[in-house]
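Got your viewer open and the selection box ready? Let's walk through this one stop by stop.

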Amino acid sequence: MLKFDVVTVFPEYLEPLKLSLMGKAIDDGLMSVDVHDLRDKTHDKHKTVDDSPYGGGPGMVMKPEPWGDMLDDLVNDETVLIIPTPSGKQFTHSMAANFATKKHIIFACGRYEGIDSRVAQHYKTRIRVEEVSIGDYVLAGGEVAVLVMVEAIARLIPGVLGNQESAVDDSFALGSMENLLEGQIYTRPPVWRDLEVPAILTSGDHAKVAAWRHEQAVERTRQNRPDLLGE
Ligand code: ADE
């Protein structure tokens, strides 16, 4: 059972985590998701969570006190604290696989320019803290990044994917097709708008199918992600 806690000033943003694959994983007792409103840890009339940055500059910075009060309630010895930020390490499939083995993950969603850096600094002395970016672009806050990461992690929790689906052939799944992207895929009908399914796939020759798929994967990787081939 992997317990996710998400701290945010927009709890509604995380509603989709109850749907589909993740909703089923929750119903099946394989994971849980609890969303916490950071404003519950403010004590002023305006429920203030941000303030202007020391040293000047645009935007606002999230104050450390509400974060400290909230995280102190949630952390335990087994917690991994993930802070989504465009300044973090790049989120990858292997990182997701590692997180999928954990018991407890807290996501701290920053808004505005981010969270006072002493929050990460403090919790690093107590637990594992990871600052993680989902890509080289800037979102308005960490919530959407959490949706991405929870979905990527959840499907790697044993039992979440059924026997029909499997994570091993995915693009980036380690130990399957090296570090290749998945190639083309087809289903019925055999001809659609004059386009035929490649004959090899209906040949019944499994070795040839596997070799063809590998070639297609290499070609697609060369087209879309030459960096993965070291090119
Ligand atoms: N918050 C804002 N931009 C982000 C990104 N690219 N990844 C993770 N969290 C973010």
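Below is a tour that starts at the ligand and then moves through salt bridges, a surface patch and some backbone spots. Keep in mind along the way that this is a predicted model.

**Stop 1: the ligand and its shell**

Select the ligand, then add the residues around it: Pro84, Thr85, Pro86, Val132, Ser133, Ile134, Gly135, Tyr137, Val138, Leu139, Gly141 and Ala145. Colour them by type, and you should get eight nonpolar, four polar and no charged residues.

Which strands should you show as cartoon here? Strand E5 (79–90) and strand E7 (128–133) each bring at least two residues to the shell. E5 is the top contributor, with three residues.

Now switch on the backbone atoms and look at the nitrogen atoms of the ligand. Start with Tyr137, where a backbone N or O atom sits 2.8 Å from a ligand nitrogen. Next, click on Ile134: a polar backbone atom there is 3.0 Å from a nitrogen of the ligand. Finish with Thr85, which has a backbone N or O atom 3.2 Å from a ligand nitrogen. How much of the ligand does the protein bury? On its own the ligand would expose 260 Å², and the protein buries 97% of that.

**Stop 2: salt bridges**

Time for some charged side chains. There are 16 salt bridges in the structure, and we'll visit a few.

Select Lys3 and Asp5. They form a salt bridge, with their closest N and O atoms 3.3 Å apart. Turn on a surface and compare the two partners: Lys3 is partly exposed at 30% relative accessibility, while Asp5 is buried at 2%.

Now pick Lys41 and Asp73, another salt-bridged pair, whose closest N and O atoms are 2.6 Å apart. Where do the two partners sit? Lys41 is in the loop between strand E2 (31–37) and strand E3 (50–51), and Asp73 is in helix H2 (residues 64–74), so this pair links distant parts of the chain, 32 residues apart. Lys41 is partly exposed, with a relative accessible area of 21%. Asp73 has 54%, which makes it exposed, since the cut-off for that is over 50%.

Jump along to Asp205 and Lys208. Their side chains meet in a salt bridge at 4.0 Å, N to O. Asp205 is partly exposed, at 29% relative accessible area. Then go back to the start of the chain and add a third residue to an earlier selection: Lys3, Asp5 and Asp34 are joined into one network by salt bridges that share partners.

**Stop 3: a nonpolar patch on the surface**

Show the surface and select Phe10, Tyr13, Tyr137, Leu139, Val144 and Val148. They form a nonpolar surface patch, with about 490 Å² of accessible area together. Tyr137 and Leu139 should look familiar, as both are also among the residues around the ligand.

Zoom in on Tyr13, which you'll find in the loop between strand E1 (2–8) and helix H1 (20–27). Is Tyr13 buried, partly exposed or exposed? Its relative accessible area is 36%, so Tyr13 counts as partly exposed.

**Stop 4: a buried residue in a helix**

Hide the surface again and select Ile153 in helix H5 (residues 143–154). Ile153 has 0% relative accessibility and counts as buried. Add His93 and draw a distance between the C-alpha atoms: the two residues are 60 apart along the chain, but their C-alpha atoms are separated by 8.4 Å.

**Stop 5: backbone spots to check**

Switch to a backbone view and select Arg188 and Pro189. A cis peptide bond joins them, with omega at about 0°. Pro189 lies in the loop between H5 and strand E8 (191–192).

Next comes Lys47, in the loop between E2 and E3. Lys47 isn't a glycine, yet its phi is positive, at about 50°. On the surface, Lys47 is partly exposed, with 41% relative accessibility.

The last click is Asp194, in the loop between E8 and strand E9 (195–196). Asp194 also has a positive phi without being a glycine, with a value near 70°. Asp194 is exposed, at 76% relative accessible area.

Key:
Residues are numbered from 1 along each chain as its sequence is written. This is a predicted model: local features need pLDDT of at least 70, side-chain atom pairs count only at pLDDT 80 or more; totals for chains, interfaces and linings use all residues. Side-chain values use heavy atoms; hydrogens and water are left out. A residue is near a molecule or strand if one of its heavy atoms lies within 4 Å of it. A polar contact is a pair of N or O atoms within 3.5 Å; within protein, one must be able to donate a hydrogen and the other to accept it, and residues adjacent in sequence count only if both atoms are side-chain atoms. Accessible areas come from the Shrake-Rupley method with a 1.4 Å probe; for residues, only the protein chains shown count as cover. Helices (H or I, at least four residues) and strands (E, at least two) are DSSP runs, numbered from the N terminus. Ala, Val, Leu, Ile, Met, Phe, Trp, Tyr, Cys and Pro count as nonpolar, Asp, Glu, Lys and Arg as charged, and the others, Gly among them, as polar. Buried means under 20% relative accessible area, exposed over 50%, partly exposed in between (1.4 Å probe, protein chains only). Patches are made of residues with over 30% relative accessible area and no salt bridge: like charges are joined within 9 Å, nonpolar side chains (Val, Leu, Ile, Met, Phe, Trp, Tyr) within 5 Å.
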